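Dear colleague,

I am handing over the structure below, and my notes on what was found in it follow directly after. Please read them with the coordinates open beside you.

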Amino acid sequence: MNDLKTKVVKVDPDNIDLNVLQEAAEIINNGGLVVFPTETVYGLGADALNEDACAKVFEAKGRPQDNPLIVHIIDINDLNTIVEEIPSNARILAKNFWPGPLTMLFKRKPIIKDIVTAGLDTVGIRMPKNKIALELIRLSKTPIAAPSANTSGKPSPTEASHVIEDLYGKVDMIIDGGSTSIGLESSVVDVTVDIPMILRPGGVTSEDIKSVLGSCDYDPAIIKNDEKIIPRSPGQKYRHYSPKAKVITYKGSINKMVEQIQKDCKLYLDNGSKVGIMATDQTKNNYQQGIVSSIGDRNNPITIASNLFRQLRNFDKLGVDVILSESFEEQNIGKAIMNRLGKASSEIKTLPNFNLLLICTGNTCRSCIAEGIIKNVLYNKNLPIDVCSAGISAIDGESASKYAVEALKEINIDISNYKSKVINDKMLEKANLILTMTEKHKHILLRTNKEISDKIYTFKEYVNSDVSLDILDPYGQDLDVYRKCRDEIKESVNNVISKIHL
């Protein structure tokens, strides 16, 4: 299928040449293949109701037959002819996120053939948010099946030059509509179940879906690399998005990632390998060796999403042998970024987290309250910090104080299953930072452990508080005193976390 005379045409999305798109629509109607831009990545389009045309899509991409295609439509009413029913959840999602980077999985009607769905009884459908794509579908007067327009397994195309590199001579027409805006494929959500399930993270995030539906789940296939998985969505089973170079992704605190990447870069360079480093605006100047390129701004993750595939392809053009990549917070669009980066990686190196140790006397009041509050904040921030608490005079296995449990329950933190621990040398050695509830606790530990002097502070000393350096001791007091202790700790927690240099 390398003997087609591919026509490459430029179309301005703000001044669309309808004659060009009419020609493209005729190619679709005659069973041909047209590559077109969407807001996510470029799609390889064929008439979704033409089995022979859809077969050409698999052939052009070298795509496994068990990897289903996504069908693109222009109007929600188009669903009536191709799906059995439209659940109420789907209508809400469509109202909020169509057109946009959201694919929904419906029970298909017989008009959608097995080749499109890989034999499954469901079909993925989306409405793209791109003027060229929508106009092409309108003129074609048929739903268009369109996976990403790349050779199967390679990084998805975010500009026409990527498509030309992969598919020139294999398709009838390539419409160059400029760079895509999002740069990652659409989210895929199964709406045939009671609680919508994300099968592939993308531009519409779990947070977005929860904001309109209240809940959603993730399919376990997102985090399992199992070749026995039957794909219900594109991107679930096979290694995807991979450049020619070996990709190694590092997970951990920013400082530790930079440090380890620098070490590994030197090793690869010493062995004669050409090394690319995928950094960010915040870290690019920390690297002294290798070919360093920023993928975007950590404070604006959409820049990272839009550049990911382009960056991987650029490293291939530079002829690197190995790409060492930082990882990113898995919140909002970050979940999709890390999903794609994980699929592209040959190896993921998880670096040790920062260890914070909290100390009081019996480990049933102050330190376990502090642990509960800090863990709750860290969960929401998704930072690589491990938190543990212990007591100088504790008894292993005691429950947290009744009032400590109650005081935290009032702010929706559950420590009812907490068990106390006695401080030991291993804990002190492992800790990167030790915070005691009082000056006395600090001095007791320093008497016999002088080696920890550079990493031990009282809780308040660490945040440079102007008040007493001791946290209020509620032991034996009433619930109001425990509340005061809780609030005293809670007020300082964000300052503690912000001062930790990850």
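Against which strands and helices do the buried residues of helix 7 pack? They pack against strand 2 (34–36), strand 3 (43–47), helix 2 (51–61), strand 8 (173–176) and helix 10. Please keep in mind throughout that this is a predicted model.

The buried residues of helix 7 are A160, H162, V163, D166 and L167. Because they cover an arc of only 150° around the axis, they lie on the same side of helix 7. The helix itself lies across strand 1, strand 2, strand 3 and strand 8, and its direction makes about 165° with that of strand 8. After helix 7 comes G169, a residue whose phi is positive, near 90°.

The sheet beneath these contacts is open and has 11 strands in the order 1-8-2-3-7-4-6-5-9-10-11, with mixed pairing. Strand 1 (7–10) and strand 11 (217–218) stand at its edges, and each has a single partner strand, so one side of each is left without a neighbour in the sheet. Further along, strand 9 (residues 187–190) and strand 10 (residues 197–200) run antiparallel and are joined by three bridges, with V188 standing opposite R200 in strand 10. Helix 4 (residues 88–97) also packs on the sheet, where it touches strand 5 (102–107) and strand 9, and its direction makes about 155° with that of strand 5.

Turning to the charged side chains, a search of the whole structure finds 26 salt bridges, and three of the pairs are described here. R310 forms a salt bridge with E159, in which the closest N and O atoms are 3.0 Å apart. This pair links distant parts of the chain, since R310 belongs to helix 10 (residues 301–317), whereas E159 sits in the loop between strand 7 (144–145) and helix 7 (160–167), 151 residues apart. With a relative accessible area of 17%, R310 is buried, while E159, at 21%, is partly exposed.

A second pair also connects helix 7 with helix 10, namely E165 and R313, which are 148 residues apart in the chain. Their closest N and O atoms are 3.8 Å apart in the salt bridge. Here E165 is partly exposed, with a relative accessible area of 43%, and R313 is buried, with a relative accessible area of 3%.

In the third pair, the side chains of D487 and R486 meet in a salt bridge at 2.9 Å, N to O. This pair is part of one network, in which salt bridges that share partners join E410, D480, R483, R486 and D487. Within that network, R486 counts as buried at 8% relative accessibility, whereas D487 is partly exposed, with a relative accessible area of 32%.

Finally, is R340, a residue of helix 11 (residues 333–344), buried or exposed? At 1% relative accessibility R340 counts as buried, because the cut-off for that class is under 20%. The side chain of R340 reaches the backbone oxygen of P201 at 2.7 Å. Leaving aside residues up to four places away in sequence, R340 touches L184, E185, S186, R200, P201, G202, Y241, L308 and F309. One of these contacts, R200, is the residue that stands opposite V188.

With best regards

Conventions: Residues are numbered from 1 along each chain as its sequence is written. This is a predicted model: local features need pLDDT of at least 70, side-chain atom pairs count only at pLDDT 80 or more; totals for chains, interfaces and linings use all residues. Side-chain values use heavy atoms; hydrogens and water are left out. A salt bridge is a side-chain nitrogen of Lys or Arg within 4 Å of a carboxyl oxygen of Asp or Glu. Helices (H or I, at least four residues) and strands (E, at least two) are DSSP runs, numbered from the N terminus. Buried means under 20% relative accessible area, exposed over 50%, partly exposed in between (1.4 Å probe, protein chains only). The arc is that of the directions from the helix axis to the C-beta atoms. Contact means heavy atoms within 4.5 Å. Two strands pair if DSSP finds at least two bridges between them. Axes are lines fitted to C-alpha atoms, for helices over the stretch in contact, and angles run from 0 to 180 degrees between N-to-C directions. A polar contact is a pair of N or O atoms within 3.5 Å; within protein, one must be able to donate a hydrogen and the other to accept it, and residues adjacent in sequence count only if both atoms are side-chain atoms.
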